[in-house]
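Subject: The structure to look at

Hi,

Here's the structure I promised to pass on. Have a look at it first, then read my notes underneath.

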Amino acid sequence: MNENSKPVKLAKMCYSHIGGKLGQLLAETFTEKGWIAKNSPAAKHFYITESGQKEFEKLGIDTSQIKSEEL
């Protein structure tokens, strides 16, 4: 519980990634908005779309820190 004795909603870190329900909701929202996508539904990895790049920048997120990889 927090200092006000109210339950807190946890954001779980997993190997330096956000996991848990927050991570799930972020991934779902970013996918629905078209900010991230997969090459196919069965693909394991997401990539940042052009619109995602612009929207993340508006939020102050420097995506240049993310290493590009072949999918």
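Let's start with a puzzle: is Thr 63 buried or exposed? Try to find the residue in the segment after α2, which covers 50–58. It turns out that Thr 63 is buried, because its relative accessible area is 8% and anything under 20% counts as buried. As for what sits around it, leaving aside neighbours within four places in sequence, Thr 63 is in contact with Ile 48, Gln 53 and Phe 56.

Before you go further, keep in mind that this is a predicted model. The pLDDT averages 86 over the protein, and 87% of the residues score at least 70. Confidence is highest in α2, at 95, and lowest in strand β1 (residues 12–14), where the mean is 76.

Now scroll back to helix α1. This helix takes in residues 20–32, 13 residues in total. From its first C-alpha to its last it reaches 18 Å, close to the 18 Å you'd expect at 1.5 Å a residue. After α1 comes Gly 34, which has a positive phi, near 80 degrees.

One of the residues in α1 is Leu 26. Leu 26 counts as partly exposed, because its relative accessible area is 30% and that label covers values between 20% and 50%. Leu 26 also belongs to a nonpolar patch on the surface, along with Met 13, Ile 18 and Leu 22. Together the four have about 340 Å² of accessible area.

That's what I've got so far. Happy browsing!

Cheers

Notes: Residues are numbered from 1 along each chain as its sequence is written. This is a predicted model: local features need pLDDT of at least 70, side-chain atom pairs count only at pLDDT 80 or more; totals for chains, interfaces and linings use all residues. Side-chain values use heavy atoms; hydrogens and water are left out. Helices (H or I, at least four residues) and strands (E, at least two) are DSSP runs, numbered from the N terminus. The expected span of a helix is 1.5 Å times one less than its number of residues. Buried means under 20% relative accessible area, exposed over 50%, partly exposed in between (1.4 Å probe, protein chains only). Contact means heavy atoms within 4.5 Å. pLDDT is the predictor's confidence in each residue, from 0 to 100. Patches are made of residues with over 30% relative accessible area and no salt bridge: like charges are joined within 9 Å, nonpolar side chains (Val, Leu, Ile, Met, Phe, Trp, Tyr) within 5 Å. Accessible areas come from the Shrake-Rupley method with a 1.4 Å probe; for residues, only the protein chains shown count as cover. A salt bridge is a side-chain nitrogen of Lys or Arg within 4 Å of a carboxyl oxygen of Asp or Glu.
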